Every structure is written in structure tokens, then in C-alpha cells.
Amino acid sequence: MHKLVAFFALLASPALATGLQVEIEGEGANGTVTIDLLDDVAPGHVEQITALASEGAYDGVVFHRVIDGFMAQTGDVENGKLGGDMSRAGTGASERDDLAAEFSDIPFDRGVVGMARAQDPNSANSQFFIMFDEGHFLNGDYTVVGRVTDGMDVVDAIKRGEGRNGAVVGTPDVMKSVTVID
């Protein structure tokens, strides 16, 4: 009987998402990016990202930090909405709790998606970044959550920021919509 109950409980639990479809618009990039999420590598992070995407929290969020040859960062659902005070973009998170690190041996290569965080390894929340090129110095220090499987040309076109921090001047490119896909 217990096995039957466990079986039905498993069927009733929400299925893990396998990816995101991100529609990007702006002065630089215009198109669709598909990201394969790594549920088995970072289940807590993937759960948080897909919950935020399902709620529409990422819709209208800008790429606030974009460093040529390195990465494009987005996901500040609190302070990063297009039309808001862009000087605060990148300083916020979400109403959800921060996440415990889920480090893996997956290297930060071109197209890898990682979670942004503060000094504390357990401070990732909603912000993430997409690698333009390899950044192996991040290996083991940041959580890998996925890989771009289609639309890397769109990622490559994201409007670049300026200076060492990569702050985008003017109107940044934006994630018009982020949809969870199977």
C-alpha cells in the first residue's frame, strides 16, 4: 500500500522543467534564446528560476551588467525592470529566500548559464549570467544552472556595458518574456 501511495505522490508532484525560452529585445539583441536547465546538477536553483519565470517575474528585466568577452548578467526581478531606476539594477533579488550553493564540476564555458551571487556563496537568488567565452576561474565558486542550446548568436549581440564592471549605459537590452518549456 505504501508503494502505491508513494507512486501516486510522485505522479502528483510537479514535473521538473527542462528549459527556458527567453525573448530578448533591444539596441543590440533581438531574438530567442533557448536554455537547457540542469535539474540534476542544481535542483534548488532550477526550481527557483522556473518558479520566477512561471510567475512572469523575469519579463521586462534588463541585462544590466555585460562584459565583452566574459558574460551578460540579468535577472534582478526587484530593481532591474525596464523603465525603473537603472542605477539600482543588479542590487536586488526576489522575495524568495537565497539559495545554498550547488557547485559542480561543470566548467564555465561559452554558453553556460550560472547564478550570480554576492560574497557569500549561499547568496544566489534570482540573478543569472550567460557566458560569452570560457571563464574557468569561476569553476567551483559559482553554481551552473544550464546551457544555451539555441540562440547563442542572440546572446552574442546583447548590448555591451562599459568599464570593468560592465554597467550598461543608456537603455539596456531586455528579456521581454521568459517562458518555462519542456
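**Exercise 1.** State which pattern of helices and strands the protein chain of this predicted model follows along the sequence.

*Solution.* Read along the sequence, the elements come in the order α-β-β-α-β-β-β-β-β-β-α-β. The secondary structure of the protein chain amounts to 3 helices and 9 strands. The radius of gyration is 16 Å, close to the 16 Å that the globule rule gives for 182 residues, so the protein chain is as compact as a globular protein of that length.

**Exercise 2.** Determine the order of the strands in the open sheet, and identify the strands that stand at its edges.

*Solution.* The open sheet has 9 strands, with antiparallel pairing, and their order is β3-β9-β1-β2-β8-β6-β7-β5-β4. The edges are formed by β3 (61–62) and β4 (65–67). Each of these has a single partner strand, so one side of each is left without a neighbour in the sheet.

**Exercise 3.** Describe how strand β2 pairs with strand β8, and find the bridge partner of Asp36.

*Solution.* Strand β2 covers residues 31–37 and strand β8 covers residues 144–150. The two pair in the antiparallel sense over 4 bridges. The partner of Asp36 in β8 is Arg147.

**Exercise 4.** Characterise burial, contacts and surface in the protein chain.

*Solution.* Begin with burial: 46% of the 182 residues count as buried, that is, under 20% relative accessible area. Next, consider contacts between residues at least 6 apart in sequence: 67% of them join residues at least 24 apart. Finally, the protein chain exposes about 9,100 Å², of which carbon and sulfur atoms supply 51%.

Conventions:
Residues are numbered from 1 along each chain as its sequence is written. This is a predicted model: local features need pLDDT of at least 70, side-chain atom pairs count only at pLDDT 80 or more; totals for chains, interfaces and linings use all residues. Side-chain values use heavy atoms; hydrogens and water are left out. The radius of gyration is taken over C-alpha atoms; the globule rule is 2.2 Å times the number of residues to the power 0.38. Buried means under 20% relative accessible area, exposed over 50%, partly exposed in between (1.4 Å probe, protein chains only). Contact means heavy atoms within 4.5 Å. Accessible areas come from the Shrake-Rupley method with a 1.4 Å probe; for residues, only the protein chains shown count as cover. Two strands pair if DSSP finds at least two bridges between them.
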